[in-house]
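Reader: Please take one part of this model and go through it closely. I would like to see how charged side chains are described, and then how that part sits in the rest of the structure.

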Amino acid sequence: LSTYTQLLSVCAQAKDIEGAFEVFTMLEKEGLKADCFLYTTLISACGKAGKVDLIFQVFHEMLKKGVEPNIHTYGALIDGCARAGQVGKAFGAYGIMRSKKLKPDKVIFNTLITACGRSGAVERAFDVLSEMNSEPVPIEPDHVTIGALIKACTKAGQVDRAMEVYRMMQDKGIQGSVEAYTEAIHACSITGDVDTAFQIFEDMKGCNIRPDEVFFSALIDVAGHAKQLDTCFKILKEMKQMRVKPGVVAYSAIMGACSNTGSWEKGLEVYRD
RNA sequence: GGGAGUAGCGA
């Protein structure tokens, strides 16, 4: 069963629904009975492919077969609904989970916050944050929570609020991650706030977190939005110095900056390099 | 260190 689950996990990543159900058929032919892990993975596969109907079909089949869903299962359910843009259903699944007396963990809350962010419901995202804190045993936000909140604010154009979340991470001493810092940098690109972006970069260095290509690309993007092409190239240089190889993501950011500043010659030059 | 759920990639 664990082998089939791993196989399913691959299908999920590739968003290959057909493959996923093929795997499911195979294991049934072998006379194996799917367990909670396997159903959860199948639900995740349907979710990543945006098939809400299938998600619930699988979920109900699971119940019918007497397999008890756990928080991982509900996590996949919530995430799947959210990816399909069905926030209402996502919270519905969350409600069912609570009614079954299952205790939500950090991942569940982070998934809910992400769901709110995707739909532009910033207030609701913060409501979820408060809810974490109101649990009998309060659940502390982590770097994923921070990243998801910053993204929600940024997407809604609330840059100041995104920065408040960033400061919250520091104030609460939450251990950051490249992804969280990248989100914070990304927020700066809306306003083209290069200074703040570099300040964040410094903060991150102070925490001994290694920037990667996506991080540097976000930084280049900020400078690009601020129409500071020279800064973009300085960042590219620093990136190489730190032995982070620029790939398509970084060069796309550079191209975007060239485009923003009308520097087509520079863009061509980079392309030829 | 061995199977499942969450965040950085819509100019």
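**Charged pairs and their surroundings**

Author: K65 counts as partly exposed, because its relative accessibility is 47% and the exposed class begins only over 50%. The model is predicted, and every value below is computed from it. K65 is a good place to start, since it has a partner. It forms a salt bridge with E61, and the closest N and O atoms of the two are 2.8 Å apart. E61 is also partly exposed, at 25% relative accessibility. The general idea behind such a pair is simple: side chains of opposite charge can pair when their charged atoms come close.

The pair does not stand alone. E28 joins E61 and K65 in a network of salt bridges. How many salt bridges does the structure hold? There are 10, and two others are worth setting beside this one.

One of them joins the side chains of R118 and D79, with 3.8 Å from N to O. R118 belongs to helix 7 and D79 to helix 5, so this salt bridge ties together parts that are 39 residues apart in sequence. Are the two residues buried or exposed, or something in between? R118 has a relative accessible area of 34% and is therefore partly exposed. D79 comes to 19%, so it counts as buried; the limit for that class is under 20%. D79 has a further partner as well: a polar contact of 2.8 Å joins its side chain to that of R83.

The other salt bridge is made by K266 and E269, where the N to O distance is 3.9 Å. Why are these two described as about one helical turn apart? They are 3 residues apart in helix 16, which covers residues 264–272, and so about one helical turn separates them. K266 is partly exposed at 32%, and E269 is partly exposed at 45%.

Now for the setting of these pairs. Chain A has 16 helices and 0 strands. Its 273 residues include 48% that are buried. Along the principal axes, the C-alpha trace spans about 65 × 45 × 30 Å. A pair of residues gives a feel for distances within it: F198 and V87 are 111 residues apart in sequence, and their C-alpha atoms are 35 Å apart in space. F198 is in helix 12, which runs over residues 194–206, and with 25% relative accessibility it counts as partly exposed.

Two of the helices already mentioned return when the RNA is considered. Helix 5 (71–83) and helix 7 (106–118) are among those that each supply at least two residues of the surface near RNA strand B. Helix 1 (2–13), helix 3 (36–48), helix 9 (143–155), helix 11 (178–191) and helix 13 (213–225) do so too. There are 41 residues around RNA strand B, and T5, K151, E183, D212 and H225 come nearest. Of the RNA atoms that come within 4 Å of the protein, 37% belong to sugar and phosphate. By type, the residues of this surface divide into 12 nonpolar, 18 polar and 11 charged.

Which parts of the RNA do particular side chains approach? K48 has a polar side-chain atom 3.3 Å from a phosphate oxygen of RNA strand B. For T114, a polar side-chain atom lies 3.2 Å from a sugar or linking oxygen. In the case of H143, an N or O atom of the side chain is 3.1 Å from a base nitrogen.

Finally, a contrast to the charged pairs. V214, V248 and V249 form a nonpolar patch on the surface, and together they have about 260 Å² of accessible area. V248 is in helix 15, residues 248–260. Its relative accessibility of 68% is why V248 counts as exposed.

Terms used
Residues are numbered from 1 along each chain as its sequence is written. Chains are lettered from A and ligands numbered from 1 in the order in which they are written. This is a predicted model: local features need pLDDT of at least 70, side-chain atom pairs count only at pLDDT 80 or more; totals for chains, interfaces and linings use all residues. Side-chain values use heavy atoms; hydrogens and water are left out. A residue is near a molecule or strand if one of its heavy atoms lies within 4 Å of it. A polar contact is a pair of N or O atoms within 3.5 Å; within protein, one must be able to donate a hydrogen and the other to accept it, and residues adjacent in sequence count only if both atoms are side-chain atoms. Helices (H or I, at least four residues) and strands (E, at least two) are DSSP runs, numbered from the N terminus. Ala, Val, Leu, Ile, Met, Phe, Trp, Tyr, Cys and Pro count as nonpolar, Asp, Glu, Lys and Arg as charged, and the others, Gly among them, as polar. Patches are made of residues with over 30% relative accessible area and no salt bridge: like charges are joined within 9 Å, nonpolar side chains (Val, Leu, Ile, Met, Phe, Trp, Tyr) within 5 Å. Accessible areas come from the Shrake-Rupley method with a 1.4 Å probe; for residues, only the protein chains shown count as cover. A salt bridge is a side-chain nitrogen of Lys or Arg within 4 Å of a carboxyl oxygen of Asp or Glu. Buried means under 20% relative accessible area, exposed over 50%, partly exposed in between (1.4 Å probe, protein chains only).
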